[in-house]
Amino acid sequence: MNQMKTIEAYGELTEPATFTIQRLLPGPIERVWAYLTESDLRRQWMAAGQMEMKAGTSFEFVWRNDELTDPPGQRPAGFPEEHRMEGRITELDPPYNLAITWGNTGGVSFLLEPKGNDVLLTVVHRRLPERAIQLNVTAGWHMHLDMLAARLAGKTPTSFWEGWSRLREEYDRRLPA
């Protein structure tokens with residue numbers, strides 16, 4: 001059986017304010033870890049920002065979602081061209097576990113597990129405070145992970161903003177009100 005078929009494409013609220021999403025990615029695990037932790041690789045699918053690989057250290061992520069795909073699609077009203085966020089590494093076990101603070105939410109964990117030649121990535125984002133933020137974040141994680149999967153597979157990702165807008169509508173239907 002193909003393992004990819006057992007992984008739900010959409011994430012879910014595993015607790016009232018905790019979002020969990022998984023992707024089976026082409027390995028090896030060290031390569032996926034590099035895409036999570038190295039600024040030049042991470043900026044290709046999510047956000048730039050140097051991280052010192054040491055628990056307790058601070059970092060800054062810089063999103064420029066318009067630069068993720070060509071064309072980027074139409075950025076939704078009210079979204080800036082650039083977004084910055086301070087964070088701190090709270091847990092670190094390379095190349096299996098990275099946990100960080102995330103703005104004013106409870107933080108994000110990235111768990112990596114080898115599965116043959118692939119890697120199961122589980123992203124858990126805790127304490128998403130309200131529905132509007134939940135919808136933005138769930139669509140964001142889904143689209144950013146789709147971009148990561150495409151980059152790791154050597155494919156060109158689809159338009160970021162068009163995908164994000166479509167996914168936000170889909171999560172609005174899927175998540176409990």
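User: Which residues of helix 1 are buried?
Analyst: This is a predicted model, numbered from 1 along each chain as its sequence is written; local features need pLDDT of at least 70, and side-chain atom pairs count only at pLDDT 80 or more, while totals for chains, interfaces and linings use all residues. Side-chain values use heavy atoms, without hydrogens and water. Helix 1 (residues 29-37) is mostly covered, with seven of its nine residues buried; helices (H or I, at least four residues) and strands (E, at least two) are DSSP runs numbered from the N terminus. Buried means under 20% relative accessible area, exposed over 50%, and partly exposed in between, with a 1.4 Å probe and protein chains only; the buried ones here are Ile29, Val32, Trp33, Ala34, Tyr35, Leu36 and Thr37.

User: How do helix 1 and helix 3 lie to each other: roughly parallel, roughly perpendicular or oblique?
Analyst: Their axes come within 12 Å and cross at roughly 130°. Axes are lines fitted to C-alpha atoms, for helices over the stretch in contact, and angles run from 0 to 180 degrees between N-to-C directions. Under 35 degrees counts as roughly parallel, over 145 as roughly antiparallel, 65 to 115 as roughly perpendicular and the rest as oblique. Helix 1 and helix 3 are therefore oblique.

User: Which residues of helix 3 make the contact with helix 1?
Analyst: The crossing of helix 1 and helix 3 is right-handed: the near helix is turned clockwise from the far one by less than a right angle, while anticlockwise would be left-handed. Contact means heavy atoms within 4.5 Å. Helix 1 brings Arg31, Val32 and Tyr35, and helix 3 brings Leu148, Arg151 and Leu152.

User: By class, how many residues of the contact of helix 1 with helix 3 are charged?
Analyst: Ala, Val, Leu, Ile, Met, Phe, Trp, Tyr, Cys and Pro count as nonpolar, Asp, Glu, Lys and Arg as charged, and the others, Gly among them, as polar. This contact has four nonpolar residues and no polar ones. The charged count is two.

User: How far apart are the end C-alpha atoms of helix 3?
Analyst: The expected span is 1.5 Å times one less than the number of residues. For the 22 residues of helix 3, this gives 32 Å. The model agrees, at 31 Å.

User: How far apart are the end C-alpha atoms of helix 4?
Analyst: Helix 4 covers residues 160-174. Its 15 residues should span 21 Å. The model agrees with that, at 20 Å.

User: Which residues of helix 4 are buried, and what covers them?
Analyst: The buried residues are Phe160, Trp161, Gly163, Trp164, Leu167, Glu170 and Tyr171. Their cover includes strand 2 (18-26) and helix 3 (131-152).

User: At what angle do helix 3 and helix 4 pack?
Analyst: The axes of helix 3 and helix 4 are 8 Å apart. The two helices are oblique to each other, and their crossing is right-handed. The packing angle is about 130°.

User: How many residues of the contact of helix 3 with helix 4 are nonpolar?
Analyst: On helix 3, the contact is made by residues including Arg131, Leu135, Thr138 and Met147. On helix 4, Phe160, Trp164, Leu167 and Tyr171 are among them. By class, six are polar, three are charged and nine are nonpolar.

User: With which residues is Thr138 in contact, leaving aside its neighbours within four places in sequence?
Analyst: Thr138 sits in helix 3. Thr138 is buried, because its relative accessible area is 0%. Beyond those neighbours, its contacts are Phe19, Tyr171 and Leu175.

User: With which residues is Arg174 in contact, leaving aside its neighbours within four places in sequence?
Analyst: Arg174 belongs to helix 4. At a relative accessible area of 43%, Arg174 is partly exposed. Its C-alpha atom is separated by 9.8 Å from that of Leu13, 161 residues apart along the chain. The contacts of Arg174, those neighbours aside, are Glu8 and Tyr10.

User: Which residue does a cis peptide bond join to Asp70?
Analyst: Most peptide bonds are trans. Here omega is about 5°. The partner lies in the loop between strand 3 (58-63) and strand 4 (83-93). That residue is Pro71.

User: What is omega for the peptide bond from Pro94 to Pro95?
Analyst: Pro95 is in the loop between strand 4 and strand 5 (97-102). The bond is cis, with omega near -10°.

User: What is phi of Arg127?
Analyst: Most residues other than glycine have a negative phi. Arg127 lies in the loop between strand 7 (118-126) and helix 3, and counts as exposed at 56% relative accessibility. Its phi is positive, near 55°.
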